[in-house]
Amino acid sequence: PQRSNTLYKAFLEGQELFAILIDPDKTQPKQLPQHLKKLPNQTTHIFVGGSTVQKDQTEPLVKALKQHTTLPVFLFPGDASQITNTADALLFLSLLSGRNPEFLIEQHVKAIPKLISTNLEIIPTAYLLIDGGIKTAVQRVSNTKPMAQNNIDAIVNTALAAEFSGKKLIYLEAGSGAKQFVNPEIVRAVSRVVSIPIIVGGGLRDNNTIAEIYKAGATMVVVGTAFENNSFKS
Ligand code: 1GP
C-alpha cells in the first residue's frame, strides 16, 4: 500500500504551526460554529482528542468540524477508541516518557482493525509527558510518571531514542491545564540534537510565551484550555 505524507511535509517547511485542541468530552458538535469564530488568526491545524473521551464522541465532532473549517483535522487520541477515518491525519502516539505497555504498543495494536485500510495520514509521534506542576489527566489515565523539567538529559535522550526508532515528530507535553508549560530550555536542548520537528503543548496561554517556544526550536504549539475558556492572549 502507498501511504501519503502530504500533511507531514508542512512540519518540514519551517513555518510556525499552531494547533487548537478541541476535546470531544468538552465540546459538543452543535457548539462548533460559535466556537470556531474565535479561532486565533494564526491557527493552522485543529487537533481532536482527550484523555477521557467516551467511545462515540469523536466521530460526530470531526464530521461537524469538516463542515465548518478547511483546516486539517488531526486526531490526537487518548486511546484507540478515538480513531475515526473522517479526520485527515492521526498522530500515532507512543507515550515514551512512561513504561506502561498499554500506551507504548497495546493501544496501537488495538487500533489496527480501524487502520488497516484507512485514508488517514498516520504520523509516528513520540509523546513525552513533562511535569507541568499539577497531576494532569494524561498522568492519571496513563498511570505513568511525567519526566522532571530539570532532568533535561533524560528528556533529550528519550527524544533522540525516539528519532532513532523512526518517530517522525516529538511532542513535549506538560499536560492539559498545566501550571508550568514546558520550559523553552528543554525545547532548545531537544532541538539541538534531534532533526525531526518538535510540538509543544500544555499550559500555553499567550503569544509571548509561544514566541519563546518557537524561538527555542518548536515547529508547532498546541493550545486547548486557554481557547476553551476564552482566556488566550494573542
Ligand atoms: C495539548 O494537552 C495540551 O498538548 C493542551 O494543553 O489544555 O493546557 O492548552 P492546554
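Two strands pair if DSSP finds at least two bridges between them. The exercises below apply to a predicted model.

**Exercise 1.** Which strands pair with strand 5, and in what sense?

*Solution.*
1. Start with strand 4 (residues 89-95). It runs parallel to strand 5, and 7 bridges join the two.
2. Pick a contact: Leu 95 has Tyr 127 of strand 5 as its bridge partner.
3. Trace the connection. From strand 4 the chain passes through helix 4 (residues 101-115) into strand 5, a right-handed β-α-β crossover.
4. Turn to strand 6 (residues 169-173). Its pairing with strand 5 is also parallel, over 5 bridges.
5. Here Leu 128 faces Leu 172 of strand 6.

**Exercise 2.** Is strand 5 (residues 121-129) largely enclosed or largely open?

*Solution.*
1. Apply the cut-off: buried means under 20% relative accessible area.
2. Count: 7 of the 9 residues in strand 5 are buried.
3. Conclude: strand 5 is therefore largely enclosed by the rest of the structure.

**Exercise 3.** Where is Asn 143 placed, and is Asn 143 buried or exposed?

*Solution.*
1. Check the backbone. Phi of Asn 143 is positive, about 55 degrees, though the residue is not a glycine.
2. Locate it. Asn 143 lies in the loop between helix 5 (137-142) and helix 6 (152-164).
3. Test accessibility. Exposed means over 50%; Asn 143 has 66%, so it is exposed.

**Exercise 4.** Treat Asn 230 likewise: where is it found, and is it buried or exposed?

*Solution.*
1. Asn 230, also not a glycine, has a positive phi near 60 degrees.
2. Asn 230 sits in the segment after helix 9 (225-228).
3. Its relative accessibility is 56%, so Asn 230 counts as exposed.

How values were computed
Residues are numbered from 1 along each chain as its sequence is written. This is a predicted model: local features need pLDDT of at least 70, side-chain atom pairs count only at pLDDT 80 or more; totals for chains, interfaces and linings use all residues. Side-chain values use heavy atoms; hydrogens and water are left out. Helices (H or I, at least four residues) and strands (E, at least two) are DSSP runs, numbered from the N terminus. Buried means under 20% relative accessible area, exposed over 50%, partly exposed in between (1.4 Å probe, protein chains only). A crossover is right-handed if, with the strands pointing away from the viewer, the path from the first strand over the helix to the second runs clockwise.
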